[in-house]
Amino acid sequence: MSSSTTLAAQARGYAKAARTLEDDNNLKNARELYLKAAKLYNEASKIASDKTDSNTQRDLAEHLLNKAQSLKSTGVQQSGSGVSSEGRGGSDTDESSLSKDDLILKEIPNIGFDDIGGLESVKEEIRKAIIYPFTHKDLYKMYGQKAGEGILLYGPPGCGKTMMAKAAARECGADFISVKTSSIVSKWVGASEKNIKQVFETARQSEKTIVFFDEIDSIAGRRSESEDYAKRVVNELLAQMDGVDTADDELLILAATNEPWTIDPALRRPGRFSKLVYIPEPDLDARAAIFKINMKGRPIAADVDVNRLAGMTDSYSGADISAICKEAADIPLGEALRGGTPRKIEDRDFIKVLEGRKPSILSWYVEARREVKKSGEEAVFDGIMG
Ligand SMILES: Nc1ncnc2c1ncn2[C@@H]1O[C@H](COP(=O)(O)OP(=O)(O)OP(=O)(O)O)[C@@H](O)[C@H]1O
Ligand SMILES: [Mg+2]
């Protein structure tokens, strides 16, 4: 059984391949891969247990579907801007901005630092960078420290970036606005930068807010390699971030990505996403903690040794471990449903699941190291290089 994270990772791969094909003007195959990616994101979104993840994936699916359709229309008509004519719905530019609900999801996060296994040094870094500037505003002001530069969380998939962003908002009692990143560029390409503006305008209306751009790579690619509309999106993002004064706005910008090397370097200058926080794969202790978190509320037999399981799951992500626990629980549940006597989840159940499941993040490291080397930014993304 595939987890939502695994499907999303596959979808990302297809989307990337589709982009390469599109660049090579191989539009027919590009379109097919965009459709495949959209389908996988859609499936991922259906089984995602997390609402934010599910929304992001659904939006990405929609974005890629639109992309595939626009390729179809450019293929048939002339090769133009890549915008499907039916998507425009008239010439009025105002019509093309999306509504607030299309762009953001405002929620009160239900995840705290206690729900995140390990990552203790990251939590401390987040406290300093995000929580104290909110909770000790006067002290920061007194010492003339400008708080609240944007923060970019980066690292392998399924290791807690989205969780960490939510937990940060909850720990400092801020509203959490997660931006449906893909909606920004999905429907009416011309209005993308307006959408960015609207996100910031909405955020400024709240008292104390963390704005979270998940999967920011989908809107903030290097401008030298981007199409016109994508350049305008990045420019608008830069302009808006330059205009954020946390002291007055009580606004903090967070973003996350698995592909930090694709982000336009201008977004990393002071005042923007100047702080990069690496969210690594879980170490031995963190894996034990994640197992414990996922065993809470489930009947676990005495022969289950969390430390041993942690030792057996080197290079597995937090999402992998969470899926392992779920699948292990499915075994006695299935037996009971078929009429067996309900029993606890035993060591053999975990072992059986582990035997059929490979760690998901090794391939990410291979690609990440290659890409970071290629971009010559080993010192910037030292977390990845190890
Ligand atoms: N440190 C952790 N502690 C507890 N659970 C974790 C941890 N890391 C990951 N998980 C589990 O994995 C799931 C995915 O985590 P999360 O969404 O934060 O990963 P991510 O880094 O944002 O991944 P992606 O890059 O794919 O978006 C969580 O819902 C949780 O079940
Ligand atoms: Mg995430």
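A residue is buried here if 20 or more other C-beta atoms lie within 10 Å of its own, with C-beta atoms placed from the backbone. The legends below apply to a predicted model.

**View 1. Helix 8 is mostly covered.** Of the 11 residues of helix 8, 10 are buried. The buried positions are Lys161, Thr162, Met163, Met164, Ala165, Lys166, Ala167, Ala168, Ala169 and Glu171. Glycine 173 follows helix 8. The phi of glycine 173 is positive, near 65 degrees.

**View 2. The whole chain gives the setting for the close-ups.** The protein chain holds 18 helices and 6 strands. It has 386 residues, and 44% of them count as buried. Take the contacts between residues at least 6 apart in sequence: 78% of these join residues at least 24 apart.

**View 3. Ligand 1 sits among 24 surrounding residues.** Gly160, Lys161, Thr162, Gly318 and Ala319 are the closest. Four helices give two or more residues each to this shell: helix 1 (4–23), helix 8 (161–171), helix 13 (284–295) and helix 15 (318–337). By class, the shell has 12 nonpolar, 9 polar and 3 charged residues. Two of the closest residues, Lys161 and Thr162, are also among the buried residues of helix 8.

**View 4. Helix 13 packs against helix 15.** Two packed helices are described by the angle between their axes and the distance between the axes. For helix 13 and helix 15, the angle is about 40 degrees and the axes are 9 Å apart. Helix 13 is therefore oblique to helix 15. The crossing of helix 13 past helix 15 is right-handed. On the helix 13 side, the contact uses Arg287, Ile290, Phe291, Asn294 and Met295. On the helix 15 side, it uses Gly318, Ile321, Ser322 and Cys325. Sorted by class, the residues of this contact are 5 nonpolar, 3 polar and 1 charged. Gly318 takes part in this contact and is one of the residues closest to ligand 1.

**View 5. Helix 15 also meets helix 16 (residues 347–355).** The two axes come within 9 Å and cross at roughly 120 degrees. Helix 15 and helix 16 are therefore oblique to each other. Helix 15 passes helix 16 in a right-handed crossing. Helix 15 contributes Ile324, Glu327, Ala328, Ile331 and Pro332 to the contact. Helix 16 contributes Asp349, Phe350, Lys352, Val353 and Leu354. This contact has 7 nonpolar and 3 charged residues, and no polar ones.

**View 6. Asparagine 25 lies in the loop between helix 1 and helix 2.** Most residues other than glycine have a negative phi. Asparagine 25 has a positive phi, near 65 degrees. Asparagine 25 is exposed, because 8 other C-beta atoms lie within 10 Å. Further along the chain, asparagine 29 lies in helix 2 (residues 27–47). Asparagine 29 has 14 C-beta neighbours inside 10 Å, so it counts as partly exposed. Asparagine 29 and alanine 17 are 12 residues apart along the chain, and their C-alpha atoms are separated by 9.6 Å.

**View 7. Glutamate 215 is a buried loop residue.** Its loop runs between strand 4 (209–213) and helix 11 (228–242). The phi of glutamate 215 is positive, near 50 degrees, in a residue other than glycine. Glutamate 215 counts as buried because it has 25 C-beta neighbours inside 10 Å.

**View 8. Valine 277 belongs to strand 6 (residues 275–278).** Valine 277 has 21 C-beta neighbours inside 10 Å and so counts as buried. Leaving aside neighbours within four places in sequence, valine 277 is in contact with Val122, Glu125, Ile151 and Leu153. Valine 277 and valine 122 are 155 residues apart in sequence. Their C-alpha atoms are 7.4 Å apart in space.

Notes: Residues are numbered from 1 along each chain as its sequence is written. Chains are lettered from A and ligands numbered from 1 in the order in which they are written. This is a predicted model: local features need pLDDT of at least 70, side-chain atom pairs count only at pLDDT 80 or more; totals for chains, interfaces and linings use all residues. A residue is near a molecule or strand if its C-beta atom, placed from the backbone, lies within 6 Å of it. Ala, Val, Leu, Ile, Met, Phe, Trp, Tyr, Cys and Pro count as nonpolar, Asp, Glu, Lys and Arg as charged, and the others, Gly among them, as polar. Axes are lines fitted to C-alpha atoms, for helices over the stretch in contact, and angles run from 0 to 180 degrees between N-to-C directions. Angles under 35 degrees count as roughly parallel, over 145 as roughly antiparallel, 65 to 115 as roughly perpendicular and the rest as oblique. A crossing is left-handed if the near helix is turned anticlockwise from the far one by less than a right angle, and right-handed if clockwise. Two residues are in contact if their C-beta atoms, placed from the backbone, lie within 7 Å. A residue is buried if 20 or more other C-beta atoms lie within 10 Å of its own, exposed if 12 or fewer, and partly exposed in between; C-beta atoms are placed from the backbone.
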